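Here is a short note to read beside the model. Take the points in order and find each residue as you go.

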Amino acid sequence: MAERSLRGTNLSSVSHESDEGVTLSDRQLTRYQCPEGHVSELPFSVEADIPSLWECRCGAEAVLVDGPEPERKPVKHQRTHWDMLLERRSIPELEELLEERLTLLRESRGVKPRRKRTA
């Protein structure tokens, strides 16, 4: 009997709460503009700290209109594989290793080793 009384009441998808007795905080409307020209208007509480940057719907960084200039963090140089290799080995060491590996490769293929050319 209990199963039949709950059938079709949408208990899982419908909220039965009401807005009675709820007081919303005061809000302010903020505008952000991205380099693509999109303008986003977002409501924030008057008490909230408003961020100077916001991610636009296109993925670019939108800046607060009539707001302070955002503080940019310094971009750290990204180390490449070559940079890390040069931290461990010098150029002459790398040339020597390259020559050794080429000699092994040529021997495995049955190619006679080349003689160094002189200018």
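1. Start where two helices meet. The model is a predicted one. On one side of the contact are Trp-82, Leu-85, Leu-86 and Arg-88 of helix 2. On the other side are Ile-91, Glu-93 and Leu-94 of helix 3. Helix 2 covers residues 81-88, and helix 3 covers residues 91-109.

2. Now look at how these helices cross. What is the angle between helix 2 and helix 3? The two pack at about 100°, and their axes lie 9 Å apart. Angles from 65 to 115 degrees count as roughly perpendicular, so helix 2 and helix 3 are roughly perpendicular to each other.

3. Stay here for the surface. Which residues make the nonpolar surface patch? They are Trp-82, Leu-86 and Ile-91, and the patch measures about 280 Å². Trp-82 and Leu-86 are also among the helix 2 residues that meet helix 3, and Ile-91 is one of the helix 3 residues they meet. Leu-86 has a relative accessible area of 35%, so it is partly exposed. 

4. Step back to the whole chain. It has three helices and four strands. Along the sequence, the order is α-β-β-β-β-α-α. The chain has 119 residues, and 11% of them count as buried. It exposes about 11,600 Å², with 50% of that supplied by carbon and sulfur atoms. Take the contacts between residues at least 6 apart in sequence: 19% of them join residues at least 24 apart.

5. Next, the charged pairs. How many salt bridges are there? The count comes to three. One of them joins Arg-31 and Glu-41, with the closest N and O atoms 3.7 Å apart. Arg-31 sits in strand 1 (residues 27-33), and Glu-41 sits in strand 2 (residues 39-45). The two residues are ten residues apart, and the pair links distant parts of the chain. Are these partners buried or exposed? Arg-31 is partly exposed, because its relative accessible area is 41%. Glu-41 is partly exposed too, at 46%.

6. Another salt bridge pairs Arg-79 with Glu-87. Their closest N and O atoms are 3.3 Å apart. Arg-79 has a relative accessible area of 46%, so it counts as partly exposed. Glu-87 reaches 55%. The cut-off for exposed is over 50%, so Glu-87 counts as exposed.

7. Arg-106 and Glu-99 form a salt bridge as well. Here the closest N and O atoms are 4.0 Å apart. Arg-106 has 21% relative accessibility, and Glu-99 has 38%. Buried means under 20%, so Arg-106 is partly exposed. Glu-99 is partly exposed as well.

8. Return to the strands for two buried residues. Thr-30 lies in strand 1. Its relative accessible area is 7%, so Thr-30 is buried. What does Thr-30 touch, leaving out residues up to four places away in sequence? Its contacts are Ser-40, Glu-41, Leu-42, Phe-44, Ile-50 and Leu-64. Glu-41 is also the salt-bridge partner of Arg-31.

9. Ser-40 belongs to strand 2. Buried or exposed? Ser-40 is buried, because its relative accessibility is 14%. Leaving out residues up to four places away in sequence, Ser-40 touches Thr-30, Arg-31, Tyr-32 and Arg-57. Find Thr-30 and Ser-40 together in the model: each appears among the other's contacts.

10. Finish with an unusual backbone angle. Most residues other than glycine have a negative phi. Asp-66 has a positive phi of about 60°, although it is not a glycine. Where is Asp-66? It lies in the loop between strand 4 (61-64) and helix 2. Asp-66 counts as exposed, because its relative accessibility is 80%.

Definitions and conventions: Residues are numbered from 1 along each chain as its sequence is written. This is a predicted model: local features need pLDDT of at least 70, side-chain atom pairs count only at pLDDT 80 or more; totals for chains, interfaces and linings use all residues. Side-chain values use heavy atoms; hydrogens and water are left out. Patches are made of residues with over 30% relative accessible area and no salt bridge: like charges are joined within 9 Å, nonpolar side chains (Val, Leu, Ile, Met, Phe, Trp, Tyr) within 5 Å. Accessible areas come from the Shrake-Rupley method with a 1.4 Å probe; for residues, only the protein chains shown count as cover. A salt bridge is a side-chain nitrogen of Lys or Arg within 4 Å of a carboxyl oxygen of Asp or Glu. Buried means under 20% relative accessible area, exposed over 50%, partly exposed in between (1.4 Å probe, protein chains only). Axes are lines fitted to C-alpha atoms, for helices over the stretch in contact, and angles run from 0 to 180 degrees between N-to-C directions. Angles under 35 degrees count as roughly parallel, over 145 as roughly antiparallel, 65 to 115 as roughly perpendicular and the rest as oblique. Contact means heavy atoms within 4.5 Å.
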